[in-house]
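Trainee: I should like to go through this structure with you, step by step. May we begin with the terms and then turn to the chains?

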Amino acid sequence: MRVKLTLAANFVFVSAAFAQSSTGQAPITSSSVTLFGIVDAAVTYGTGSDASKTQLSTGAYQPSRFGFRGNEALGGGLGVNFWLEAGFNADDGSGVAGNTNNTPAGATSGDFISFNRRATVSVIDIWGEVRLGRDFTAIYRNREQVDPFGTNGVGASQPHVGTLGGPTATRASNMVGYFLPPGLGGFFGEVQYFMGESIQYSPAPITTPNLKDGNGYAARIGYGIGGFAVALSSSETKFARSDTTGDINSVNVGASYDFGFLKLSGGYYRDKVDRIVPVTGTGYLVGGAIPVGVDLVRVSYSTYGTDEAGSPRSRKFAIGYVYNFSKRTAVYATYAHLDNSGGASGALAGSLTAPDRSSNGYDLGLRHSF
Amino acid sequence: MRVKLTLAANFVFVSAAFAQSSTGQAPITSSSVTLFGIVDAAVTYGTGSDASKTQLSTGAYQPSRFGFRGNEALGGGLGVNFWLEAGFNADDGSGVAGNTNNTPAGATSGDFISFNRRATVSVIDIWGEVRLGRDFTAIYRNREQVDPFGTNGVGASQPHVGTLGGPTATRASNMVGYFLPPGLGGFFGEVQYFMGESIQYSPAPITTPNLKDGNGYAARIGYGIGGFAVALSSSETKFARSDTTGDINSVNVGASYDFGFLKLSGGYYRDKVDRIVPVTGTGYLVGGAIPVGVDLVRVSYSTYGTDEAGSPRSRKFAIGYVYNFSKRTAVYATYAHLDNSGGASGALAGSLTAPDRSSNGYDLGLRHSF
Amino acid sequence: MRVKLTLAANFVFVSAAFAQSSTGQAPITSSSVTLFGIVDAAVTYGTGSDASKTQLSTGAYQPSRFGFRGNEALGGGLGVNFWLEAGFNADDGSGVAGNTNNTPAGATSGDFISFNRRATVSVIDIWGEVRLGRDFTAIYRNREQVDPFGTNGVGASQPHVGTLGGPTATRASNMVGYFLPPGLGGFFGEVQYFMGESIQYSPAPITTPNLKDGNGYAARIGYGIGGFAVALSSSETKFARSDTTGDINSVNVGASYDFGFLKLSGGYYRDKVDRIVPVTGTGYLVGGAIPVGVDLVRVSYSTYGTDEAGSPRSRKFAIGYVYNFSKRTAVYATYAHLDNSGGASGALAGSLTAPDRSSNGYDLGLRHSF
């Protein structure tokens, strides 16, 4: 059987209108293979009290990528999907780091291309989807889907930028996931189990503290009806307790309401690292997206900080405009201002700022999808 | 000239029905370019006397890959073929190691994607095929083609898993090969010369022991008629003699007969490393594949060991089932049991076992091709 | 919108007929996405006074590559183009080194695939093209476009092989470029600004000598009418001054005239490195390409040397033949002879030669494009 290759140029525009929704796939009724990608480059400028930086950056609106994905319908509502997606840097052509075992030691270099963004194969039917491989973790969805800036560029929400969530905060490898099917009266959700793939000694020697490093789970349950949606997610990743790390627990909640002239969104986030001296990070986001014809005004306020000495915390205000030439091509501009307190020294766009000083960031870019 | 891009979704099913056959290409009569790939992920569990491991693995039925290949017909039976094939790990999206000069020093890291599986360009006519680049070595074919498990997953034959064949046991880079054309009354064959690409001093200084490291040849001649096929192959790769390595000579023979209700296969393998204290490894395989409608029962018994002190040897029994949803999509399960003797401590699926103890491995996976 | 994927098999033949021309893109009037590539492998042999080398090489006629590129017409002459192009080695399947920040420290390993050749996104209209990303620098064009051997293989011009131009001599990352539109009465040109992306301390501490490392510009202006073309280019890349490096200034000029039975070309090149003890390299090339039906005889004489002690200089004579089976497929053979003087010890194709001795190189290869 030879199947037709298509190019999906329209999916990006839809995801750009951020939405609280399921990330599972509907039952498959036809077969296709699709080549897709995004090339997004921006001139980015960051200023801080100590140093500034000008650069050509990548993915300030949507991360640059290319990939192959496809469906095969097997009849009776049963189907298979695969999805291979590689990130790259549009400013220099290099790749983006991945992680092979969900631990700091498994991080790969960012110089070269791999399917770091997603490598999955799924079986899907009316009962839902079972997905195997590397993918976003459920806990990430409530950061991405309620952030008008989609966690990208200088406007990315602070609960994303500052998260204590560790190597699995955004994606995990070696994962088995189950997604609820669509059409459950508005309910959507997923559960994921991922493995660090350490060897399991029998009996476990006491000298093997990393026996379960990188093992964990993530789950999310949500409800959407009309323009309203809310979702709750939770995750735990195991790491042997030390001065600098330990089991990481994250919970968050995101909600959004589409008034038509304004899509309002918000989220609350808490990450706890069970180090020898535990640390907890908390934050929230309030965002809005205002359609202007086919264009978009984006605005958000977000904050994230920890309970370490001084209670360091950063607060960001961001505003931007997306000018859509077409569904595939947009020009965008973003301005963000970051304030620090409690000894925090967060800085935007590669700049450096002293503790408790502020920083500014600017993106002016072009995103093209294919 | 613009040529049509096609997707080849059917070639995998054919290769899955293992066959003793030529690996050269028939004369080219039309032009096309094809995007192809396999995504294969499995939950794999291995147990040994010392430690067990659970993982999401990749390619336990057929190695995950993507690639581009194409033909151009030049008229009069003359044609050109190219084949670019990159392996990847479906569990984490990373790449698979290759080798740039056929020596241990030339091994590349497995984190990122390269065309490690095959990068070739060929000229083909009625006299056969000349193929340049990186490809399987001839010696590998008698391991792959007679193994019901295709050298993959927990069921992979011991003569493949334990081979002393060194860096060129499976593939070689910098290779010039010639393949006999089809239609020679059942005869098929290939010869290959590959280069380590060391610099050749003139006159060669005595202090340059690695002058020819990674240079070598491989050859194979076979005969197939009706359901019967047999093939003999041989290879030599040069390495400077030391305590741990030296010239590697391999010979093997594979045969198969298709009874219709059962495809029976067998192989015998011998690899000799001319170290300061030479070592020879020998093994054999007996395998069977039983079609059950469009599905397949696979079973094999194989053994490989060396003449080192104690005569270490491992013996594997493997049985599995492949359920074909379609030509593109299959679910498979494999069980394998490994016994060790003479001090061998082979273990399955990442587990650890003590010398002379046994190990078990289990794969449960999904393979989708495009 | 779903756009059709095409394969561009014809662009290579055109570029193989080297031409002094604009490298900007004409206004876009239709939308397409194209998969393209070249697989080029050769048996290459080099001899020198000290050592010889035989290898399977890659890209001795045109560098092996694959990529995706596409256009979107936005109406009114406005359009967007993207171009992602990854180099690879056809002899072993590995990738080709890139550079993330235009400095020696930013060089990436060559083992794995990245879009090292080009990663750009452009906006184009009747006023010209603005191009963002990694691409050739303008200074490189007068080396490539007047060299009958296109800077590839044993015949590559010495001003290319020996250039002192540093990391941005051929390509730069983090670049913003502007290209004149076509149709300016024969004038063509481009200006490029590229960034090393070092952080800019404020005030800049005296202990940060690499503040601007890898920043620079390149520009080119040319004029072509009938069979005649001439172009002038210039570039500067900033590096902190030391014993081994400093700001690099390059200027060159290339010209060509097509007599029909012969295309004659020439170039003059000067590169200056403002080290503590400055060094200047100069060279020139005279080349010719003689069509023989659809085939091509290529010949060139080139020289490059520096003003360092002894005035080391290498001189190359190269001659070759390209036999075109079709627009996509060619077989080629090249012979080159290199002479050294002033202590230079340049050698061809991986061989080694003593100072002031000569070296020979031979390529016999196959190039296929898709």
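Mentor: Let us start with a definition: a salt bridge is a side-chain nitrogen of Lys or Arg within 4 Å of a carboxyl oxygen of Asp or Glu. This is a predicted model, in which local features need pLDDT of at least 70 and side-chain atom pairs count only at pLDDT 80 or more, while totals for chains, interfaces and linings use all residues. Residues are numbered from 1 along each chain as its sequence is written, chains are lettered from A and ligands numbered from 1 in the order in which they are written, and side-chain values use heavy atoms, with hydrogens and water left out.

Trainee: How many salt bridges does a search of the whole structure find over all chains?

Mentor: The search covers the whole structure. Between chain A and chain B the count is 0, and between chain C and chain A the count is 0. Over all chains, the number of salt bridges is 30.

Trainee: Which side chain meets that of E144(A) in a salt bridge?

Mentor: Helices (H or I, at least four residues) and strands (E, at least two) are DSSP runs, numbered from the N terminus. E144(A) and its partner lie in helix α2 (residues 138-144) of chain A; because they are 3 residues apart, about one helical turn separates them. The N to O distance is 3.4 Å, and the partner is R141(A).

Trainee: How many residues of chain A and of chain B take part in their contact?

Mentor: Contact means heavy atoms within 4.5 Å. The contact takes 41 residues from chain B and, from chain A, 43 residues.

Trainee: What area is buried between chain A and chain B?

Mentor: The size of an interface is often given as the accessible area lost when the parts come together. Buried area is the accessible area (1.4 Å probe) that two parts lose on being put together, summed over both. Here carbon and sulfur atoms give 71% of the area, which is about 3400 Å².

Trainee: How many residue pairs are in polar contact across the interface of chain A and chain B?

Mentor: A polar contact is a pair of N or O atoms within 3.5 Å; within protein, one must be able to donate a hydrogen and the other to accept it, and residues adjacent in sequence count only if both atoms are side-chain atoms. With both residues at pLDDT 80 or more, the number of pairs is 8.

Trainee: Which element gives the most residues to the side of chain A that touches chain B?

Mentor: The elements of chain A that give two or more residues to this side include β4 (65-75), β5 (78-87), β6 (118-125) and β7 (128-136). The largest contribution is 5 residues, and it comes from β6(A).

Trainee: How many nonpolar residues does that side of chain A have?

Mentor: Ala, Val, Leu, Ile, Met, Phe, Trp, Tyr, Cys and Pro count as nonpolar, Asp, Glu, Lys and Arg as charged, and the others, Gly among them, as polar. The side of chain A that touches chain B has 5 charged and 16 polar residues, and its nonpolar residues number 22.

Trainee: Which residue is the bridge partner of Y201(A) in β3(B)?

Mentor: Two strands pair if DSSP finds at least two bridges between them. β10(A) and strand β3 (residues 51-58) of chain B run antiparallel and are joined by 2 bridges. Opposite Y201(A) stands A51(B).

Trainee: What rotation superposes chain C on chain A?

Mentor: Copies are superposed by least squares on the C-alpha atoms of residues with pLDDT of at least 70 in both. The shift along the axis is 0.0 Å, the RMSD is 0.0 Å, and the rotation is 120°. The two copies are thus related as by a three-fold rotation axis.

Trainee: What share of the interface residues of chain A are also interface residues in chain B?

Mentor: Chain A can be laid on chain B by a turn of 120° with an RMSD of 0.0 Å. The copies meet through different surfaces, because the shared part is only 9%.

Trainee: Which residue in the turn between β13(B) and β14(B) has a positive phi?

Mentor: β13(B) and strand β14 (residues 263-273) of chain B pair in the antiparallel sense over 11 bridges, and D258(B) has K263(B) as its bridge partner. The two strands form a hairpin with 4 residues between them; the residue with a phi of about 95° is G260(B).
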